[in-house]
Amino acid sequence: MAKRDYYDILGVPRTATEQDLKSAFRTMAKECHPDRNPGDKAAEQNFKDLNEAYEALKDPQKRAAYDKFGHAAFDQSMGRHPGGGFGPDFASSMSDIFEDLFGEFMGGRRGGGAAGPRNRSSRERGADLRYNMEITLEEAYAGKAAEVRVPTSVACETCTGTGAKPGTKPTQCPTCGGHGKVRASQGFFTIERTCPTCAGRGEVIDDPCSACSGAGRQMRERTLQINIPAGVEDGTKVRLVGDGEAGLRGGPPGDLYIFLSLKPHSFFQRDGADIFCKVPIAMTTAALGGQIEVPTLDGTASRVKIPEGTASGKQFRLKNKGMPVLRSKVVGDLFIQVDVETPKNLTRRQRELLEEFEGESHKGTSPESTGFFARVKDFFEGKGG
């Protein structure tokens, strides 16, 4: 009896895409799956035919060979042994199909290659840890060598992390033979799942360590040294590789992440690499000019010259007095914004002097306010006209 065309079995045209093939296979395979049709030989045969067709067409090279030679391309390559029955290639195909249909139902996705006894690298990795640290703007400016104390699990000193009593060692799991997984036949399928005896580790401990109860790790408070580079910003994350939680029974450790936050500063506000500082100055200094001293992050003071007639809100730039940029030679600037302070609690003599000054203000000492109110007057006179 001639074999049916693979495209006809899947119900797709020869121009079907890889996604079209997969969608058609999933839909049809669910309908004729043996578990949904117990005892139905026709459904079982249809399911076999679907598997065979999909296995041939999902692989670009096999599909190209089939398109050119038809079924003759697979006379010796579809996984059948000379004595009949299905070989490992077909079993692998069926495993792919079962996982594609039922996802993680039977214990997780399958890894590539033949399974062997589990080794040290497959043991459970320790968790990553987080430590929050608050630093000052000055410390972010200059960098800092800090010491942190972190409660975490570390490898048990008694058993050196194996979990077994000193003088003994873990043995190969008798249930799974060290593979970490067991297989069971269920009708047409061979199902693989995590070994219930060793929980997938491939080893069992017959005589556990009394200090760690077989876990291979214990809780301790560790003291760690951390170098905070100059120029870090709020929210910067520093990673300490291998300083996280110890792995279970000798597994690799996790990492420690230091999350940095900056304390609010009494003088400065930061914007990237630039620093801003508001400085109040007396009205007389703004009017007559003068000099002021302002603090900087390096702990020194800088002189800023205030020109005669400086208005409130005027900014002065001090080059290279800002924050360093992380891991570079670039340095930001410091911007000083002056805020002219209005005099309060005047004495009688001070009031007399200001009133005398006010009487002379028509001579152009306040051009902006004079011009503004002149425009306001013109505006209202225009309304009236």
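## Strand S1, helices H2 to H4 and selected loop residues

Met 133 lies in strand S1, which covers residues 129-135. This is a predicted model in which local features need pLDDT of at least 70, side-chain atom pairs count only at pLDDT 80 or more, and totals for chains, interfaces and linings use all residues. Residues are numbered from 1 along each chain as its sequence is written, and side-chain values use heavy atoms, with hydrogens and water left out. Helices (H or I, at least four residues) and strands (E, at least two) are DSSP runs, numbered from the N terminus.

Met 133 is buried, at a relative accessible area of 9%. Buried means under 20% relative accessible area, exposed means over 50%, and partly exposed falls in between (1.4 Å probe, protein chains only). What does Met 133 contact, leaving aside its neighbours within four places in sequence? Its partners are Ala 146, Val 148, Ile 226, Ile 228, Ile 258, Phe 259, Leu 260 and Ser 261. Contact means heavy atoms within 4.5 Å. One of these partners, Ile 258, is 125 residues from Met 133 along the chain, yet their C-alpha atoms are separated by 6.8 Å.

The whole protein comes next. Its secondary structure comes to nine helices and 15 strands. Of its 385 residues, 33% count as buried. Take the contacts between residues at least 6 apart in sequence: 63% of them join residues at least 24 apart.

Helix H2 spans residues 18-31, 14 residues in total. From first C-alpha to last it reaches 20 Å, close to the 20 Å expected at 1.5 Å a residue. The expected span is 1.5 Å times one less than the number of residues. Leu 21, Ala 24, Phe 25 and Ala 29 are the buried residues of H2. Seen down the axis of H2, these buried residues fall within an arc of 120 degrees, so they line one face of the helix. The arc is that of the directions from the helix axis to the C-beta atoms. The face turned away from the buried side carries the exposed residues Gln 19, Thr 27 and Glu 31.

Now the helix pair. Helix H3 (residues 41-57) and helix H4 (residues 60-69) have axes that come within 6 Å and cross at roughly 105 degrees. That makes H3 roughly perpendicular to H4. Axes are lines fitted to C-alpha atoms, for helices over the stretch in contact, and angles run from 0 to 180 degrees between N-to-C directions. Roughly perpendicular covers 65 to 115 degrees; under 35 is roughly parallel, over 145 roughly antiparallel, and the rest oblique. H3 brings Glu 55, Ala 56 and Leu 57 to the contact, and H4 brings Lys 62, Arg 63 and Tyr 66. The contact residues divide into three nonpolar, no polar and three charged. Ala, Val, Leu, Ile, Met, Phe, Trp, Tyr, Cys and Pro count as nonpolar, Asp, Glu, Lys and Arg as charged, and the others, Gly among them, as polar.

Three loop residues follow.

| Residue | Loop | Relative accessibility |
|---|---|---|
| Gly 200 | between S5 (189-194) and S6 (203-204) | 7%, buried |
| Asn 320 | between S14 (315-318) and S15 (334-341) | 47%, partly exposed |
| Asn 345 | between S15 and H8 (348-359) | 77%, exposed |

Most residues other than glycine have a negative phi. Asn 320 has a positive phi of about 60 degrees although it is not a glycine. Asn 345 has a positive phi of about 55 degrees, and it is not a glycine either. Gly 200 and Lys 181 are 19 residues apart in sequence and 6.0 Å apart in space, C-alpha to C-alpha.
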